[in-house]
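Work through the exercises below with the structure open. Try each task before you read its solution.

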Amino acid sequence: MKEMGTDVEAGMSPVLPWLLVFLVGCSGSQQHTCRCTGRVFICQESKVTQVPQDIPANTTELRFVLTKMRVIPKGAFAGLGDLEKIEISQNDALEGIEANVFSNLPKLHEIRIEKANNLVYIDQDAFQHLPSLRYLLISNTGLRVLPALHRVHSFQKVLLDIQDNINICTIARNSFLGLSSESVILWLNKNGIQDIENHAFNGTYLDELNLSDNHNLEKLPNEVFHGAHGPVVLDISRTRISFLPSHGLEFIKKLRARSTSNLKKLPDLSKFRSLIEANLTYPSHCCAFANWKRQNTELHPICSISQAKQDLNGNKPHRQLAAADYIFSYGTGSDPAESEFDYGLCNEVVNVACSPKPDAFNPCEDIMGYNILRVLIWFISILAVTGNVVVLVILISSQYKLTVPRFLMCNLALADLCIGIYLLFIAAVDVQTRSQYYNYAIDWQTGAGCNAAGFFTVFASELSVYTLTVITLERWHTITYAMQLERKVRFRHAVLIMAFGWLFAFTVALLPIFGVSSYMKVSICLPMDIETPFSQAYVVFLLVLNVLAFVTICACYICIYFTVRNPNVIASNSDTKIAKRMAILIFTDFLCMAPISFFAISASLKVPLITVSKSKILLVLFYPINSCANPFLYAIFTKTFRRDFFILLSKFGCCEMQAQMYRTETSSSAHNFHTRNGHGPPALKNSEGTMYSLVPLNHLN
C-alpha cells in the first residue's frame, strides 16, 4: 500500500505546478471582468476596453464578445503558445488590428473576427507564421481591402471565410500567395467585390472558390486563375458575371451559377475537362451537356481497388499496380473513404449532371428542330415576301382608281408581308445559331430581336384575320345592296374601319412586351406564356376572336350564295365571280389555320396535345402558307393584275404591245357595258347629284 501511495504522489507531483499556474491566471483576470472556463479565457463585458495583460499562458481559446476595445495592439497575444482558437465578435467599437497580433502562434488553427462594423484597418503584418491555421473568418466588418495573408504560411488545408464585408471592392493579384502550402477553400461571398485582377489566385491549390452574392461583380478576367491549381468548385451564383474566363476551367468539377442572369453564353465545352456537375441559371445551357460525354482520363485509386477485387487474375496491369500502391499506403483494412466514395466517378465516360433541366417549352434543339423545316422556311418566307411586295407595288402604282376592294387588298398584302418577314427573321437566326442554340437562346429569347419577331407575327396575323373579315363583309354588303348606291361603302368608311383594325392589331401585339403573356417563352417567339390568369385570358381571347371571325366569314358567304341564287335580286355577273374568288381565298386561309387554332386552344387551356417541337411543323407548313397563296389567289392569277403589271412595265419601255392590248380591251369592255340595248343598269344619282354607273367590279379592282 505504501508503494501505491508513493506512486500516486509521484504521478501527481508534475500536475500540481500546472494547476497552480492555471488557478493563479484565472484569479488575476477577474479585475478585467473576464473569466476562465477550463482553459478558455472569455471577455464578454462592455467594460472591457483593452486586451487584458494577464491572459494565462496555457490558454487554448480566447473569446472577446461585446467588448469596447478600439484597437488590438501589437503583439497582444504574444507568448500564448498553446492558443488554438481566437474569437472576436460583436465589437462595434473595434477599429483596428495592429501588426503581429496573430503572429508566431504555432497551435492556432481557428480565428474568428465578425460583427465588427467599425473595423476598417488590419495591419499587413497582422497575420504571420501560423503553421496550424485551418480556418479564418472575417465577416461583417468595415474593411475596404482584403487583409494581407502572404505571411501566414500554414501547413494545413485552410478555409478562408471572408463574407458580408460590403466595402471590399477589389481582389488584387497574388492576394492569397503564401496562405497555405496545402489546398485552400476561399469563401468570398456576400462582399462588395466589383473587380478581380489577373493572377489574383496565383500560388494556390484552390479546392473551392465561392464568389456568390457579389452583386456588382461583372467579370472574371481571362488570366484570373493563372498560376493557380484549380478551382475544383466554382460558385458565381447571384453575380453579374457575363463570361467565364478562357483559361483555368480545366480543373472545375462543380460549377454553380444560379440566378446569374448575365451569364448567357458558355465557353467551349472542351475547356471543362473535369466537370461532373453544373448548377446553372438557364435550362438551355444544360442542353450543351445533354449529348456531350467527357472522357474521364483521371480515375481515383479507389476505382482501381474495386476493379482489382473484381478481377484478381488481371488483364489490366496498370490498374493492379495503382491498387497495390493505394493498399500499401492505407492498409488492407476497410477504408471509410472507400465505403463513402462515389463510384459514379469511376466511369471512363462521364455524363455531366446539369440543372435546371430543359422544360417542354424549350427542348434541346435548334429553332428549326428538323432539317426539312430549315429548308422549307426559307422557301416559304422568300415566296411570301416576294409575292406580297409585288402585289403592293402593282396595286399602289396602278393608274386606275384606288377603290375599296383595292385598298383592303393592300392591307391584306401588307399583313402577309409582315408574316413573311417574321419567318425570314426566324430562318436567319436559326442558321446563325445552328448546332449551338443553347449558347444563343437567352440572348435571343430575352432580347429585342425575339420581341420584334413576336410583335410582327401577332400584329400581322391579327391584321390579316381582321382584313379578311372586312373584305368578306364588304363583298356581302356590295352584293346584297347592289342597286342601292346610297348604301355603298365609301372609301372614307374603309379607311376608318381599317384604322381601327390597325389600332387593334398593334395593341394586342404590344401587350406581351409589357408583361401580358410573353414572346420569350419559346424560341419561335410566339405568346405561349399562360402562367398568369391575365396571360391565359389574353391568349384565349385572341384564339376565340379568330374563331368568331371564321364563323362570321362563313355566315357571310352563305348569305352571298343565297343572294346570288335569288332571281329577285339583281347582282352583276362580275360580283358573283368576285364572291367565288374571295370564298376560295378565305376558306383556303382558314383551312390552313384550322390545325393551329385547334392545337393552340387546347394548349391555352393547359391541355397540350402536341409538343413545341411538333408545333414548329404547324408554324412552317400551315401558318404561313396563306401568306404565299394570297398574292396568287387574289392578284397575280387575275386578269386585272396582269393588266396593271404590263401597264407598269410599259412605263419603263417594256411590254408596250401587251399593255396597249389591255388598255384597248378595258376601254372596249366599259363602252360595251354602257351601250347595251336595254340590258345595262340605269345610271343612278345620289342625294348630292353625283352620277354613278355600275361598271363591273372586275374593272375597278
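The exercises go from the whole chain to single residues, and the model is a predicted one.

**Exercise 1. The whole protein**

Task: Find how many helices and strands the protein has, and what share of its residues is buried.

Solution:
- Start with the elements. The protein has 17 helices and 24 strands.
- Next, burial. Of the 701 residues, 47% are buried.
- Then look at the surface. About 34800 Å² is exposed, and carbon and sulfur atoms supply 60% of that area.

**Exercise 2. A salt bridge between two loops**

Task: Which residue forms a salt bridge with D213, and where do the two partners lie?

Solution:
- Find the partner. D213 pairs with R238, and their closest N and O atoms are 2.7 Å apart.
- Place both residues. D213 sits in the loop between strand 16 (205–210) and strand 17 (233–235), while R238 sits in the loop between strand 17 and strand 18 (254–256).
- Draw the conclusion. The partners are 25 residues apart in sequence, so the salt bridge ties together those parts of the chain.
- Check the burial. D213 has a relative accessible area of 13%, so it is buried, because buried means under 20%. R238 has 34% and is partly exposed.

**Exercise 3. One lysine, two partners**

Task: What does K521 lie over, and with which residue does K521 form a salt bridge?

Solution:
- Take the ring. K521 lies over the face of F361, at 4.7 Å from the ring centre.
- Take the charge. K521 forms a salt bridge with E531, with the closest N and O atoms 3.9 Å apart.
- Locate the pair. Both K521 and E531 are in the loop between helix 11 (491–510) and helix 12 (533–565), 10 residues apart.
- Check E531. Its relative accessible area is 52%, so E531 is exposed.

**Exercise 4. A loop residue**

Task: Is N189 buried or exposed?

Solution:
- Place N189. This residue is in the loop between strand 14 (183–187) and strand 15 (195–196).
- Read the accessibility. The value is 10%, so N189 counts as buried.
- List contacts beyond four places in sequence. Among them are I162, Q163, D164 and N210.

**Exercise 5. A nonpolar patch**

Task: Which residues make the nonpolar surface patch of about 250 Å²?

Solution:
- Name the members. They are W378, I382 and V431.
- Place one of them. I382 belongs to helix 7 (residues 371–397).
- Check its accessibility. At 43%, I382 counts as partly exposed.

Methods. Residues numbered from 1 in each chain as written. Predicted model: local features only at pLDDT ≥ 70, side-chain atom pairs only at ≥ 80, totals over all residues. Heavy atoms only, no water. Helix = DSSP H or I, 4+ residues; strand = E, 2+ residues; numbered from the N terminus. Buried < 20%, exposed > 50% of the residue type's maximum accessible area, 1.4 Å probe, protein only. Areas by Shrake-Rupley, 256 points an atom, 1.4 Å probe, with all protein chains shown as cover. Lys NZ or Arg CZ within 6 Å of the ring centre and 35° of its normal. Patch = residues over 30% accessible without salt bridge, like charges linked within 9 Å, V, L, I, M, F, W, Y side chains within 5 Å. Salt bridge = Lys/Arg side-chain N within 4 Å of Asp/Glu carboxyl O. Contact = heavy atoms within 4.5 Å.
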